[in-house]
Structures are given as C-alpha cells and as structure tokens.
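Me: Mind going through this one with me? I'll throw questions at you, and you talk me through the reasoning.

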Amino acid sequence: MPAPTSSRFAASRFRRATGHGLLALAGMLAAQAMPSAEAKERAGSTWANPVDIDYRYNFEQMNQGISYRTGADPAVVRYGDAYYLFLTLADGYWRSTDLLHWQFVAPDRWPFDSEVAPATLVADGKLFLMQSATAERPLLVSTDPAHGRWEFWTRQLPPVPGAVSSATEYRIQPGELPPGPWDPGLFQDEDGKTYLYWGSSSVYPLYAAQIDLRLGDEVEGEGKRLAFVGEPKALFKLQPEAHGWERFGQDHADENTRPFMEGAWMNRHGGRYYLQYAAPGTEHNAYGTGVYVGTGPLGPFEYAPYNPVGEKPGGFVVGAGHGSTFQDAYGNWWNTGTSWVGSNWAFERRVGLYRAGFHADGQMWVDTRFGDFPQRMPDHRLRDDEDTFAGWMLLSYRKAATASSSLPEHPATAATDEDVRTFWVAGRNALGETLTVDLGGERTVRAVQVNYADYRSERYGNAPDIVARFRIQGSRDGEHWETLADLSHETRDRPNAYLELSRPARLRYVRYVHEHVGARTLAIADLRVFGRADGPPPPAPAKVTVRRSADGRDADIAWTAVPGAVGYNVRWGVANDRLHSTYQRFADQPTHFTLRSLNKGVHYVVAVEAFDERGVSVLSEIRSL
C-alpha cells in the first residue's frame, strides 16, 4: 500500500477536530507537510529532483553547434550492496549505496556508439547490459561493475527473428517486423526463464520474446551466447482515442501527431506481471509511464484503467516517462523517469526518482506529488502512514534577485521563476560573480538547489575542467554573511546541485558565489531555496468545480485562488484514497485548466490542495468525474 499523504490524513483530522475546539485545529495545522518523527532529525538524508549527478554533455549535435548536458531513459538495478544507474549516451554509469550520493564509473569496455536506452538484468550473479540496437551489437556482462570491469557476453546480438534489416527499414510493409531491439527491457522470471521486451514507434506495438542466455550448464564447446526462443510476439499499441494521456504534445493537446510508445520495463509483483511503457513523447511536459498487467511474462496483458501510473506535467521538473521500477534494500519500491528540459534541444533531459508501490488489489502507483521538492530517503521499510516529502517548502518563488552582472535578455529575476527554460546569464564567467535572492523576510532555510543552464556552452563531451565550484552564503541583514555550503574543491560537475544544510539557518538572503564551471558562460536556470516560513499553512482551496468532456478524456477543473499561495496541487485518481496523480500549478498560472490525462469509461475523483512557504493545506472537497 502507498503511504497516505499528510494532507489526506489532515483532512480526516479536520473533520474530527471541528467539534473539539481551536486547540485541536491548531495542532492539526501545525502538522501539515511535516516528515515522520523517525526521519525528522536525520540530517543529510534528503534529495530533490532532478537527481544530483554529473550529467554529461551530448555529442550528437556538435556539428550544429548545439551544446547541452543531458540524461535520459534511466535503468536502475541493485547488484550486490549497491545501485547502478545507466543512462542514454553517458559513456559510463553511476554507482550508489544509498540512492542519495552517486559516483560516476568509467568502464573499461564500452560500445563506441555508447549506450542508448539501455536494458539491465541481474541473473546468475552477473549484471548484464544491453544497448538499443537495430543491428548486431554486443551484450556486456560484469561481476565487478563497481570497478568498471566488463566483458562481452556476446559481441553480436542475433537478428530478431523475422525482422526486416535496418538497411531496408524504409521499405517496410504493413505486418512486417521492424528491426530491433530498440528501447530493450530484460526480465528473468522466478523459474529462471529470461525475456526481452522492446519497441519505440508511433506505428508499431511493443514486442516480446523469450531468450536463452545459457545461464545454466553450457553446452560443451558452445560457451556463452544469446538466442531467441521462438518467434517474437506483438503485444499492444497506444490508443490515444481512448486514453487521453497517450495523446501527443504539451499537456496532451496535439491530436494530429502520432504519439510514441517506448521504454519497456517489466516487474513481477504478487503473481502479476507489470509491463511498463512510456508515452506519448519525451519532448513535452506530459511524458508519462503506463502499465499493462498480465498473467504471464508474455501475457495476455490488460490495460490498467488507472493509467498513467506516473506523470508529472507541472512544476520545475516536468516529465516522468521511460524509466525503471526497482526495490531498495528495505523493500521499498522506486520509479525513475525522464524529465524534460528542452531549452537547447528537444531531447535535453534529466532524471527523476519517485516513490512507487502496489496496492493490495494489484494497482500500481508512482508518487510525483512535490516531486521536485526535498524528499527524505528512508532507512527502513516505509509504513502505510509514511511518505517521503520532507515538508520543506519553496521559499524562492518569484523573489527579488540581483546579480553582480547580467546579460540584458537574461536577468537575475529569471533564476527564481521556477521555469527551467529561462535563466540568468552572468556578464562574464569569472571568479566572484554572484547571484543573490532576497527571501522577503527571515525564513528557516534547510536546503538550496543550484540548477545550471547551458547557454552557448560550447562543450560536447567530458573533460577534466568540466566541474562545478561555488559557495552558498546566507545573511540575515544583507551585510554579514556566513558560508552555508562550500564546493570550492569539488571534483565533479553538478548541473543540478542539491545541498542540504548541516543545520537549519534563519536567513533573509541566500547568495551564490561563483568559482568555476566548465561551460563557456555562467548561466543558472533557478537558484531554489527550501525551508519554512513562520505561521500556519494556507486554507484549502474553495469552490472547486469539475466538468468532464463528452468523450471522457478531458476535464475542466477550476477553484478559487488562495491569498498568498505559492501554488496548488491538483490531485486525481480512481478513489478518494488513491489520488496518486498530481498536476502542480504555480500561483502565476490560472486557477482553471483542462486536464487531458483521463481514460474513457473510467470514474475519477479530483481534489485540490494549496501550498505556500508555511506548509500545505488540507484537501479541498473531493469532486467526482
């Protein structure tokens, strides 16, 4: 079961408290958005999306002069006592023992064209890694990934049975099998049988096949190999005419462009097989994860009516599709996804990590609520009444910002607008440049996130000088400053550096002091500050209205603005206690919009909560769709 949210429980407390006086009401309000008691004092245990790793500069657009850091299609696997994160075009991977701190590993063997949308598999004490391919490519294997030691399991994958050649793909006829496996997913069942899933297309379905990795006794003289067992099986296609969230475009508003189905990933839980897929396209805010549920690894599969299981169309970080689902050392489930930046190139992306799970009746869920605010990493198996939101609110939204220098078209104010595609650019990339945010009064600051942007960076691969070095300072009066974090001796790049303070600090001003970045220019998309302001949380939004469209895929939702709110979470799901989907809206956006993520023929409920610097409101009245 997923952890119920603090606001949901607060709503029930409010109903019980209304007849018991103001003291009970005040106690309920003070509890809003606070972490569990066990986690409250555990310092250094938080993270905020995007995941803080040294995202690599992409080389694919270097001949066009387009430079940007990127990371996408995360595949996370637990091997031994560590987690391994593989991304598209990274020329290596990352290792972590706590899901908080990630160290890049440079492998001793790697495909020259790198890995794209890689698949991972732990089997027979080995870690397998497969790249996307439309022709024969190697399958890598390691028993020592911590030190980057890899071997070829096979230097050439066998052709997909019945698939056309990549050289003749442009002549493919209806009913023919396209080349592959592109966007592969690997899965081993409890009986030891292994399966391959793949597909990335606006026309073709996902495919699946059993494969033989010869993990048991090898046939004498044959050695290692990979072979298909039987013919590939076509599974399912997108149905945007019935599933609103599968429509292409920003907020699923493009009815004319064919959406993409891609990013297969399989999990087994409770005797059911959950085949996840991504849609409708990575280059928009509404990239999400859906799931078909089967009775066997090759099906038959049924569409889950509660789809999408993971979607994050609003907030600073948007997009949550094409990732992986795994369990941590304590048995907690997690889902990774691809987040969209799209400032320099449509496929400029980052990676998000979100809590996930399964209800007792089999419903899968991914929690993206406050998904780009600080979250606490648990050190135990989470209870049903726990969630991971740290309760630290955004203090920097639309606050006054000043800089030592700025380009006229990229002012300091762009660094507090919660828009990853707008950014401050310093007049020069020089030691001592500063960016200062005035919080408007003293606040309790708990964490700072520095999100660099790539503006004419002119870098197209890794290099020793691509590191991020800076200091974060704080002040109560704007004259006397203390150091909150010192990365003057950092040895890695930190495009999305998240810094939890060693202790809470009462501050009005937060300042970034520059030392070095590897880019040609110094650009920061947002300097985000988290903590709490004094006072009770805001009241719940009132007058929530909903109206569903005639065909059922859309709903118009509106509510009354809450004075002083920083933003709102519009939450929906298939039951009052299953409001797993969230559209985060900031206060400068209208308090009405059209939600286009619904499935025809499925009943939904909707509620709205407000948040400000003091906390999160109780839920509004729940409305039916």
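What follows is a chat about confidence, cores, a sheet, one loop residue and some salt bridges.

Me: What pLDDT does the protein average, and where is it below 50?

Reply: Keep in mind that this is a predicted model. The protein averages a pLDDT of 91, and 92% of the residues score at least 70. The stretch with pLDDT below 50 still has 76 contacts in the model beyond near neighbours in sequence, and it covers residues 1-41.

Me: Which strands each supply at least two residues of the largest nonpolar core?

Reply: That core has 31 residues, and V450, Y452, F470, I472 and Y512 touch the most other members. The strands you're after are strand 30 (434-452), strand 31 (469-475), strand 32 (481-486), strand 33 (496-516) and strand 34 (523-532).

Me: And how many residues are in the second, separate core?

Reply: Its members include V291, V317, Y354 and V420. The count for this second core is 23 residues.

Me: Back to Y452: what does Y452 touch, not counting residues up to four places away in sequence?

Reply: Y452 is one of the core residues that touch the most other members. Its list of contacts isn't just nonpolar names, since R69, R350 and R494 are among them. The rest of the list is A468, F470, P495, Y512, V517, L522, A523, I524 and A525.

Me: In the open sheet of four strands, which strands stand at the edges?

Reply: The order is 38-37-40-41, with antiparallel pairing. An edge strand has a single partner strand, so one side of it is left without a neighbour in the sheet. That puts strand 38 (581-586) and strand 41 (623-624) at the edges.

Me: What is the bridge partner of V605 in strand 41?

Reply: Strand 40 (residues 605-611) pairs with strand 41 in the antiparallel sense, over two bridges. For V605, the bridge partner is S624.

Me: Is N58 buried or exposed?

Reply: N58 is found in the loop between strand 2 (56-57) and strand 3 (69-70). Leaving aside neighbours within four places in sequence, N58 is in contact with Y68, T70, L89, R459 and Y460. Its relative accessible area is 4%, under the 20% cut-off, so N58 counts as buried.

Me: How far is the backbone nitrogen of E60 from a polar atom of the N58 side chain?

Reply: Here you want the side chain of N58 on one end and the backbone of E60 on the other. The distance comes out at 2.6 Å.

Me: How many residues apart are R398 and D588?

Reply: The two form a salt bridge, with the closest N and O atoms 2.6 Å apart. R398 sits in the loop between strand 27 (393-394) and strand 28 (400-403), while D588 is in the loop between strand 38 and strand 39 (592-595). R398 is partly exposed at 49%, and D588 is partly exposed too, at 46%. The pair links distant parts of the chain, 190 residues apart.

Me: R494 and E490 form a salt bridge; are they buried or exposed?

Reply: Their closest N and O atoms are 2.9 Å apart. R494 has 7% relative accessibility, and E490 has 14%. Both values are under 20%, so R494 and E490 are buried.

Me: Last one: which residues are linked in a network of salt bridges?

Reply: A search of the whole structure finds 36 salt bridges. The network links R247, E255, D551, R553 and D554.

How values were computed: Residues numbered from 1 in each chain as written. Predicted model: local features only at pLDDT ≥ 70, side-chain atom pairs only at ≥ 80, totals over all residues. Heavy atoms only, no water. Core = buried A, V, L, I, M, F, W, Y, C linked by side-chain atoms within 4.5 Å. Buried < 20%, exposed > 50% of the residue type's maximum accessible area, 1.4 Å probe, protein only. Contact = heavy atoms within 4.5 Å. Pairing = 2+ DSSP bridges. pLDDT = per-residue confidence, 0-100. Polar contact = N/O pair within 3.5 Å; in protein donor to acceptor, adjacent residues only side chain to side chain. Salt bridge = Lys/Arg side-chain N within 4 Å of Asp/Glu carboxyl O.
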